[in-house]
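These are my notebook entries from a first look at a structure I had not seen before. I wrote down each thing as I looked it up, beginning with a single pair of residues and moving outward from there.

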Amino acid sequence: MKKFLFMCMMALGCMTAFTACGDDDDDPVIEDIQGGSGSVKTSNYSLKDNGNEIVLTFDMTAAGVTMNMKWVATFQNDLCVSFVEQTTYPSESMAKLSYEAAVKEGETVRLDGRTIITDLSESYAGMDKATVKLIMETMYQSMTQPVK
């Protein structure tokens with residue numbers, strides 16, 4: 001239950017991860033995302049269970065900016081051994097801004113061009129497949145709620 005609550009908090013963190021302190025305040029689109037104005041919309045949802053791997057992909061649009069999200073959970077003997085979240089931004093500057101915010105939050109992340117890769121394996125380690133799948137679906141659903 002503790003891990004489930006942590007994952008729900010991570011989902012909320014994903015929605016607020018766009019908040020960052022920086023000197024690039026002249027881009028109104030980035031300011032809208034950072035301020036959390038408007039709502040988050042998702043599209044191109046796909047959840048595939050490939051036996052030892054569950055892959056959830058979707059596009060998320062906030063303040064007119066669309067990012068591609070990909071979550072990959074890997075299992076061994078029905079227990080999670082790896083969970084990686086990839087977020088691809090439309091520009092390297094947006095990815096860098098979000099990356100810097102994630103680093104400040106203490107997340108295990110790396111930046112690869114326009115893509116931020118977050119290793120969440122420690123949080124999911126040992127969870128069974130059904131639980132991880134439910135958490136992934138719940139996190140996705142929470143992202144479709146309006147940002148207030």
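Entry 1, a pair across two strands. I began with Lys48 and found that it stands opposite Val55 in β2. I note at once that this is a predicted model, and I read every position below with that in mind. Looking for the setting of this pair, I found that β1 and strand β2, residues 53–62, pair in the antiparallel sense over eight bridges. I also looked up Thr42, and it stands opposite Met60 in β2. Between the two strands I found a hairpin with three residues in it, where Gly51 takes a positive phi near 85°.

Entry 2, the next pairing. I followed β2 to its other partner and recorded that β2 and β3 pair in the antiparallel sense over 10 bridges. For Thr57 I looked up the bridge partner in β3, which is Lys70. The hairpin of β2 and β3 has two residues between the strands, and I stopped at Ala63, which is found in the loop between them. Its phi is near 55°, a positive value in a residue other than glycine. Ala63 counts as partly exposed, with 23% relative accessibility.

Entry 3, another positive phi. I looked up Asn44 as well, since its phi is positive, at about 55°, although it is not a glycine. The place of Asn44 is in strand β1, and the residue is exposed, with a relative accessible area of 56%.

Entry 4, a residue inside β2. Is Ile54 buried or exposed? I found Ile54 in strand β2, and it is buried, with a relative accessible area of 0%. Setting aside neighbours within four places in sequence, I listed its contacts, which include Leu47, Lys48 and Asp49, then Trp71, Val72, Ala73 and Phe75, and also Lys129, Lys133 and Met136. I also checked Ile54 against Cys80, which lies 26 residues away along the chain, and their C-alpha atoms are separated by 10.0 Å. For the strand as a whole, I noted that seven of the 10 residues of β2 are buried, so β2 is largely enclosed by the rest of the structure.

Entry 5, the whole sheet. I then traced the strands together and found that six of them form an open sheet in the order β1-β2-β3-β4-β6-β5, with antiparallel pairing. At the edges stand β1, residues 40–49, and β5, residues 109–112; each has a single partner strand, so one side of each is left without a neighbour in the sheet. From one strand to the next, the twist averages 15°.

Entry 6, helices on the sheet. I looked up helix α3, residues 92–104, and found that it lies across β3 (65–76), β5 and β6 (115–119), running at about 165° to β5. Helix α5, residues 129–143, also packs on the sheet, where it touches β1, β2, β3 and β4 (79–88), and its direction makes about 170° with that of β3.

Entry 7, a closer look at α3. I checked its length: at 1.5 Å a residue, the 13 residues of α3 should span 18 Å, and its end C-alpha atoms are 18 Å apart, which agrees. Which residues of α3 are buried? I listed Met94, Ala95, Leu97, Ser98, Ala101 and Ala102. Seen down the axis of α3, these buried residues fall within an arc of 160°, so they line one face of the helix. On the face turned away from that buried side I found the exposed residues Glu92 and Lys104. After α3 comes Gly106, whose phi is positive, near 85°.

Entry 8, the protein overall. I closed by stepping back to the complete fold, which comes to five helices and six strands. Read along the sequence, the pattern is α-α-β-β-β-β-α-β-β-α-α. Buried residues make up 36% of the 148 residues in the protein. The accessible surface comes to about 8,100 Å², and 52% of it belongs to carbon and sulfur atoms. Lastly, among contacts between residues at least 6 apart in sequence, I noted that 50% join residues at least 24 apart.

Terms used
Residues are numbered from 1 along each chain as its sequence is written. This is a predicted model: local features need pLDDT of at least 70, side-chain atom pairs count only at pLDDT 80 or more; totals for chains, interfaces and linings use all residues. Side-chain values use heavy atoms; hydrogens and water are left out. Buried means under 20% relative accessible area, exposed over 50%, partly exposed in between (1.4 Å probe, protein chains only). Contact means heavy atoms within 4.5 Å. Accessible areas come from the Shrake-Rupley method with a 1.4 Å probe; for residues, only the protein chains shown count as cover. Two strands pair if DSSP finds at least two bridges between them. Axes are lines fitted to C-alpha atoms, for helices over the stretch in contact, and angles run from 0 to 180 degrees between N-to-C directions. The expected span of a helix is 1.5 Å times one less than its number of residues. The arc is that of the directions from the helix axis to the C-beta atoms.
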